[in-house]
Amino acid sequence: MESSQMKTLAFKVGVSSEDVIRKAHELLRLCEVRSVGGTALCPNSSCKAVMCIELAANSMDQPIDKNSLIRISGVTRKVYTTSYKTLENLLELNQNVSVRDLAVQFGCLPAVTPALEILARYRKNFDCKMSESTKEDVNFNGPLFTTGSLYTACRHLKIKAEKSKYLAVAGVNRSTFDRLCTELTQHAMAVIGDKSTSKSKRQGHWLDDLETSFEEECSPPKKQLTKKQNGGTNSDYEEWKRRILEGANTKT
């Protein structure tokens, strides 16, 4: 894109600073170099240029109208937001965001410690398998890994988590995010465990205790029972268990 075209787009979104326009043009050239052969960042060139203008303005603390940017870009707000995050990651302009900060933003503080443990286990496993050069290229403090570990922790803790919000921060497409979460799941199982399985085991253990209690406290010696009495005992037991369960449900 020519400098004059970039300047025209900048004026349309209310940017007149020559420094911002120059910076935006530099970012656009860098974007084109780094995305060669890669997945397209957005549907059209104007959208990419507009995003570079926003990145340049933000880096220089210049105010800019987000609504105007989205309108000029020619895409929906959702597409623009996702593409912007992807471009920000590509150009390495994104600021690291901590797991705790994300948890405060999404209202899931109980998931902070498990998420950190999940990420630590994943990183240790990653370091064992990858070369030194590969390790240097991966930023585990970046938004992809922090959002992925927190989202995975929330899912295993049965805490409500809206994937769209996490995707907006992660700055990647859904398939990439899902692939990371799948890899994190095995570590989440080790850190948190299977809540549903544990719950089923506890419930079964409680019912076993009820049966044992009835047998010990309510059943007469076996030698005193006739076949008729045995039938009566089973009936009494079922009635007794029904009353106990109803009482437990009432307390709950």
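Here are a few notes on a helix pair and two residues in this predicted model.

1. Let's start with the helix pair. Helix α1 covers residues 3-12 and helix α3 covers residues 45-59; the two pack at an angle of about 70 degrees, and their axes sit 10 Å apart. Angles of 65 to 115 degrees count as roughly perpendicular, so that is the label for α1 and α3. The crossing of α1 past α3 is right-handed.

2. Who does the touching there? On the α1 side the contact comes from M6, L9 and A10, while α3 brings S46, A49, V50 and I53. Sorted by class, this contact of α1 with α3 holds six nonpolar residues and one polar residue, with no charged residues.

3. Next, F145, which lives in helix α9 (residues 143-156). Its relative accessibility is 12%, and since buried means under 20%, F145 counts as buried. Setting aside residues up to four places away in sequence, F145 touches L119, Y122, V138, N139, F140 and L180. If you like C-alpha distances, F145 and V97 are 9.9 Å apart in space, with their positions 48 residues apart in sequence.

4. Last one: K163, part of helix α10 (residues 163-170). Its side chain makes a polar contact with the side chain of D178, at 2.8 Å. Not counting neighbours within four places in sequence, K163 is in contact with D178 and also with Y151, R174 and F177.

Note on methods:
Residues numbered from 1 in each chain as written. Predicted model: local features only at pLDDT ≥ 70, side-chain atom pairs only at ≥ 80, totals over all residues. Heavy atoms only, no water. Axes fitted to C-alpha atoms, helices over the stretch in contact; angles between N-to-C directions. Helix = DSSP H or I, 4+ residues; strand = E, 2+ residues; numbered from the N terminus. Parallel < 35°, antiparallel > 145°, perpendicular 65-115°, else oblique. Left-handed = near helix turned anticlockwise from the far one by under 90°. Contact = heavy atoms within 4.5 Å. Nonpolar A, V, L, I, M, F, W, Y, C, P; charged D, E, K, R; others polar. Buried < 20%, exposed > 50% of the residue type's maximum accessible area, 1.4 Å probe, protein only. Polar contact = N/O pair within 3.5 Å; in protein donor to acceptor, adjacent residues only side chain to side chain.
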